[in-house]
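Biologist: Please show me the model, and then let us go through a few points on it.

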Amino acid sequence: MSEHSDVRLRSALTQVPAYVPGKPAAPREGVIAYKVSSNENPYPPLPSVLEVVREAATQINRYPDMAVTELSNALADHLGVPVEHIATGTGSVGVLGQIIQATCDPGDEVVFAWRSFEAYPIVTALAGASAVRVGLDEHCRHRLDAMLAAITERTKVVLVCTPNNPTGPIVHHDELERFIDAVPSRVLVVIDEAYLEFVQDPEAPDALALYRDRPNVVVLRTFSKAYGLAGLRVGYAVAHEPIASALRKTAVPFGVNSLAQAAAIASLDAFDELKERVDAIVAERSRVVEALRTQGWFIPDTQANFVWFPLGDRSTAFTQAAQEAGLTLRQYGDDGVRATIGEPEANDVLIRVAGAFLEATAPTTPAV
């Protein structure tokens with residue numbers, strides 16, 4: 001049978017880069033394998049949340065609430081915002097896709113830092129829009145002045161990832177406020193806070209405060225990271241009308257399934273218990289960063305649940321060395337390698353591998 005087809009697919013698809021997911025841990029004889037490539041929460045679901053999911057599973061013969069009513073109301077109460085300002089989707093990346101669909105026509109532009117979240121150029125290209133990448137500074141932070149200068153008449157959206165994935169630093173509140181106020185009001189500014197719960201820096205932005213009196217600001221969040229619901233795919237945006245209404249229109253019908261809705265509501269109710277786990281991850285993050293910097297590594301100031309190794313052309317060698325030790329990391333070409341803060345045992349392996357690698361190779365970046 002011939003594989004040739006005369007079907008004409010969208011030309012924009014040729015510009016869409018492939019999303020590279022974190023690889024599963026590869027089993028090796030005599031070595032415990034750890035996957036620290038996807039920024040997942042290493043803890044299993046809370047028993048109380050799991051019980052709610054089990055109960056909800058008895059009704060999966062029914063369609064979920066397409067309006068996501070209960071979860072939207074719970075989020076509005078939790079955040080102190082009008083429920084009309086809540087829009088949900090299949091993880092924050094799903095809501096991000098809804099944002100770009102709602103705002104961008106072919107030929108429009110989306111500005112973001114690079115490297116940043118890998119899905120940004122993908123969802124941009126799918127809309128037929130152009131990605132405008134603005135390089136990070138020497139500390140792996142956003143260069144907001146350069147991003148502002150990159151805005152043109154064709155710019156529809158600016159994406160600000162804080163903490164930045166995959167490098168870790170945050171954008172500070174004062175600089176973000178100045179940036180937003182300098183951006184033309186016709187341009188949507190999306191504050192992507194997928195890792196918000198891990199942030200300890202007192203200079204971190206209060207994104208909800210920035211959104212409240214600025215109609216062009218959207219706050220994007222997820223239940224995948226700190227809440228540990230990555231497998232259920234539920235995220236949300238907080239935005240003024242008519243933006244929030246547009247995001248609900250561009251959502252996949254019934255996209256947030258009934259198990260995800262139930263688990264997210266239960267997770268909001270169990271936030272104090274979940275925070276204990278977040279605090280444990282943050283403590284491990286501090287331990288790992290201190291150990292790596294003591295070894296001589298330059299590790300950017302991470303406020304997320306991962307650390308970034310800006311290794312350049314040594315990225316492949318480091319990734320392979322970790323793999324030999326049973327540790328699956330996330331490599332970003334020749335830019336660097338990201339390692340999720342996982343179980344203490346996995347973090348111990350990371351520290352050991354990093355120390356041995358540094359001893360075996362001449363470092364090209366200074367310690368801090």
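The questions below concern one sheet and the cysteines.

Modeller: This is a predicted model, in which local features need pLDDT of at least 70, side-chain atom pairs count only at pLDDT 80 or more, and totals for chains, interfaces and linings use all residues. Residues are numbered from 1 along each chain as its sequence is written, and side-chain values use heavy atoms, with hydrogens and water left out.

Biologist: Which strands stand at the edges of the open sheet?

Modeller: Strands are DSSP runs of E with at least two residues, helices are runs of H or I with at least four, and both are numbered from the N terminus. Two strands pair if DSSP finds at least two bridges between them. The sheet has three strands in the order 9-12-11, with antiparallel pairing. An edge strand has a single partner, so one side is left without a neighbour in the sheet; this holds for strand 9 (306–309) and strand 11 (330–332).

Biologist: Which residue is the bridge partner of glutamine 331 in strand 12?

Modeller: Strand 11 pairs with strand 12 (residues 336–340) in the antiparallel sense, over three bridges. In strand 12, glutamine 331 has as its bridge partner valine 337.

Biologist: How many disulfides does the count come to?

Modeller: A disulfide is a pair of cysteine sulfur atoms within 2.5 Å. For cysteine 104, the nearest cysteine sulfur is that of cysteine 161, 17 Å away. The sulfur of cysteine 161 has its closest cysteine sulfur in cysteine 140, at 13 Å, which is too far for a bond. The count of disulfides is zero.

Biologist: Is cysteine 161 buried or exposed?

Modeller: Buried means under 20% relative accessible area, exposed over 50%, and partly exposed in between (1.4 Å probe, protein chains only). Cysteine 161 has a relative accessible area of 2%, so this residue is buried.
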